[in-house]
Amino acid sequence: MTTPTVAVADDSHRRITRQTLWTGAVTAVEVLGAFVHIFVAARLLGLEGYGALAVIIATTTLVHGLIAIPGGDTVTTFATRSIADGRRKEASSILRFAVSVSLGLALVAYGVIATLTLTVSGLLRIDEAHTGAMLLYGIVGILLATRSEALAVLRLADRLRAHLGVSVADNATRVAVLAMAWFAGGDLLTVVSATVAGAAVGTVGMLLGAAIFAGQAGFAGLFRSPSIRVPADVIGFHVGTYGRTTIGVVTGNVDTILVAQFAGPADVGLYRAARRIMDMARRPFHLIRTSVQPELSRQWYSGQGEALRRTLFRFGTYSLALAIVGFTVLGVFREPIAVLVLGSAFVEVAPLLLILIPGAFIASAAVVGGLPIATGHVWPSIISMLGGLVVSVVGIVWLVPLYLSDGAAWARTASSIAAVLVLVPFVVELWRQSHRI
């Protein structure tokens, strides 16, 4: 006879599996779109032009990350708690609060980007001819500001099929603009325009989907009140999320900016291209973690410790198996993959992929790393990411002047491994606490 705990866990696992499959389809569309983007951009811009694009992307993403606060984790964790306790209007206030903060700060971030571009673009290693592309790409951060909150609503409503439709429209728009650029001989500004157009289509679609399915997710009176009043612990978590997001964005983008200080545009282009392929390879693991997180929150706040541990064990095993297969294939076929995606001018990306694989493998397989956020504990993630950032900066300053793009890849791998090692004790302690809830 099936025990209630096992039945609850199985129901959660079916929901996670369903959401993972939908998100997997989204990821397939996004990876295909990213492949087309890299394929066209690398050939249109060349090695140095792609390096310039990398610096623009890194700089604008860094500024938005330092100022804006994505609220998806806040909605997933605390709106779930409010809905589970029957406080559906409070859940709506949390959603309105997260969306308002995200959008407002994104607008502030764009103002900073515009000021930096028009005053100190030389210090950022951005040529004056590329300032228009910089200003245009900065709009992407505004368009994406509310994506995480909208996606959280669709997850809670278990309606990720809507996300798939939006992703198809988003990437189809990007590909259409890139196709025109390919046949018309476009430049950097045209490549950036494709990203902006796709982001605009995707954001409109996500917001419409969230508005349609908010009721099914458990939000009550979402459009009947302007209130953004939320409990104090929600604000504390959101502030902590700002710290975590800031460190994450710095870690994800300062490497490119620092490499540009110690190496030429060609090495920046090689490193960024290798990272882009590795980021694409890690997407399936990200979708597993994001699909698991809402269920971990439900199980934690409902006192279902055994079900939570079963969920972690099952999907941790899936992630490990996928990582072994996926990164082995990438390691063996790294050179053909690099040439296929980027072109023969980027053949030197292949050795960098081999350097990046160990760090990506460890970070991707560790699906349990999402447990602290799912249970409302933001500081373990902040400490982990801060440790990774320190290792990254020290590694780049030390290794890049000596080994150029190879040194940057080794610094990235060391950073990924350090972040996971720092997080392990916190995850173990939460695992122990799950026996007592």
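Trainee: In which helix does Val325 lie?

Mentor: The model is a predicted one. In this model, Val325 belongs to a helix that covers residues 305-332. Counted from the N terminus, that element is helix 10.

Trainee: Is Val325 buried or exposed?

Mentor: The relative accessibility of Val325 is 53%. A residue is called exposed when its relative accessible area is over 50%. Val325 therefore counts as exposed.

Trainee: What is the accessible area of the nonpolar surface patch that includes Val325?

Mentor: Val325 shares this patch on the surface with Leu320, Ile324, Val329, Val332 and Phe333. Together, the residues of the patch have an accessible area of about 540 Å².

Trainee: Which helix gives the largest share of the largest nonpolar core?

Mentor: The largest nonpolar core has 49 residues, and Tyr50, Leu53, Met278, Phe327, Leu342, Phe346 and Val349 are those with the most contacts inside it. The largest share of this core amounts to 12 residues, and these come from residues 4-67, that is, helix 1.

Trainee: How many residues does the second, separate core have?

Mentor: This second core is separate, and Val250, Val254, Val268 and Val400 are among its members. Its residue count is 29.

Trainee: With which residues is Val349 in contact, leaving aside its neighbours within four places in sequence?

Mentor: Val349 is one of the residues with the most contacts inside the largest nonpolar core. Once neighbours within four places in sequence are left aside, the contacts of Val349 are Leu270, Ala273, Ala274, Ile277, Ala338 and Leu342.

Trainee: How many residues of helix 2 are buried?

Mentor: Helix 2 covers residues 72-84 and reaches 18 Å from its first C-alpha to its last, close to the 18 Å expected. The buried residues of helix 2 include Gly72, Asp73, Phe78 and Arg81. Helix 2 is mostly covered, and of its 13 residues the number buried is 11.

Trainee: Why does Asp158 count as buried?

Mentor: Asp158 lies in the loop between helix 5 and helix 6, and has a positive phi of about 55 degrees although it is not a glycine. Buried means under 20% relative accessible area. Asp158 counts as buried because its relative accessibility is 17%.

Trainee: What is the relative accessible area of Leu404?

Mentor: Leu404 is found in the loop between helix 14 and helix 15. Its phi is near 55 degrees, a positive value in a residue other than glycine. Leu404 is partly exposed, and its relative accessible area is 34%.

Terms used
Residues numbered from 1 in each chain as written. Predicted model: local features only at pLDDT ≥ 70, side-chain atom pairs only at ≥ 80, totals over all residues. Heavy atoms only, no water. Patch = residues over 30% accessible without salt bridge, like charges linked within 9 Å, V, L, I, M, F, W, Y side chains within 5 Å. Areas by Shrake-Rupley, 256 points an atom, 1.4 Å probe, with all protein chains shown as cover. Salt bridge = Lys/Arg side-chain N within 4 Å of Asp/Glu carboxyl O. Helix = DSSP H or I, 4+ residues; strand = E, 2+ residues; numbered from the N terminus. Buried < 20%, exposed > 50% of the residue type's maximum accessible area, 1.4 Å probe, protein only. Core = buried A, V, L, I, M, F, W, Y, C linked by side-chain atoms within 4.5 Å. Contact = heavy atoms within 4.5 Å. Expected span 1.5 Å × (residues − 1).
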